[in-house]
Amino acid sequence: KRSKDIAIARQTVMYLSRNLTDKSLQSIGEIVGGKDHATVYNGIKRIEEKIKNDEHFKTSIEAIKNKINPQ
């Protein structure tokens with residue numbers, strides 16, 4: 001359970017980094033612990049899928065985005 005929670009948190013950071021910055025997949029991978037670009041890409045896709053299928057998670061991600069980048 002703990003490692004799954006850590007993976008989701010890391011993937012969320014990858015997703016937010018990609019959506020809120022102009023960092024490359026490779027740069028994001030380096031920031032989150034030396035992951036390669038394919039791992040970052042797959043992590044982002046998993047979060048996008050989770051956002052699509054889980055309304056509560058989607059709301060949480062939107063709240064985080066609004067705190068980071070209020071409009």
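Helix α3 runs over residues 37-53, and its length checks out: at 1.5 Å a residue, 17 residues should span 24 Å, and the end C-alpha atoms sit 25 Å apart, which agrees. This is a predicted model, so everything here is computed from predicted coordinates. At the N-terminal end of α3, Asp36 acts as the cap, with a side-chain oxygen 3.1 Å from the backbone nitrogen of Ala38.

The helix has two quite distinct sides. Val40, Gly43, Ile44, Ile47 and Ile51 are the buried residues of α3. They cover an arc of only 100° around the axis, so they end up on the same side of the helix. Over on the other side, Arg46, Lys52 and Asn53 are exposed. As for what does the burying, the cover over the buried residues of α3 includes α1 (2-20), α2 (25-31) and α4 (55-68).

That buried side feeds straight into the core. The largest nonpolar core has 12 residues, among them Val40, Ile44, Ile47 and Ile51, along with Met14, Leu25, Phe57 and Ile61. Two or more core residues come from each of α1, α2, α3 and α4, and α3 gives the largest share, four residues. Leu25, one of the core residues, shows how the pieces meet: leaving aside residues up to four places away in sequence, Leu25 touches Arg18, His37, Val40, Tyr41 and Ile44.

Then there are the charges. The structure holds three salt bridges. One pairs the side chains of Glu48 and Lys45, at 3.2 Å from N to O. These two are three residues apart in α3, which means that about one helical turn separates them. Neither end is fully out in the open: Glu48 counts as partly exposed because its relative accessibility is 30%, and Lys45, at 37%, is partly exposed too.

A second salt bridge joins the side chains of Lys52 and Glu49, at 3.7 Å from N to O. The spacing story repeats, since Lys52 and Glu49 are three residues apart in α3 and so about one helical turn from each other. Here the partners differ in exposure: Lys52 counts as exposed at 64% relative accessibility, while Glu49 is partly exposed with a relative accessible area of 39%.

The remaining pair is Asp54 and Lys50, whose closest N and O atoms are 3.7 Å apart in a salt bridge. Asp54 is partly exposed at 27% relative accessibility, and Lys50 is partly exposed at 29%.

Methods. Residues numbered from 1 in each chain as written. Predicted model: local features only at pLDDT ≥ 70, side-chain atom pairs only at ≥ 80, totals over all residues. Heavy atoms only, no water. Expected span 1.5 Å × (residues − 1). Buried < 20%, exposed > 50% of the residue type's maximum accessible area, 1.4 Å probe, protein only. Arc of directions from axis to C-beta. Contact = heavy atoms within 4.5 Å. Polar contact = N/O pair within 3.5 Å; in protein donor to acceptor, adjacent residues only side chain to side chain. Core = buried A, V, L, I, M, F, W, Y, C linked by side-chain atoms within 4.5 Å. Salt bridge = Lys/Arg side-chain N within 4 Å of Asp/Glu carboxyl O.
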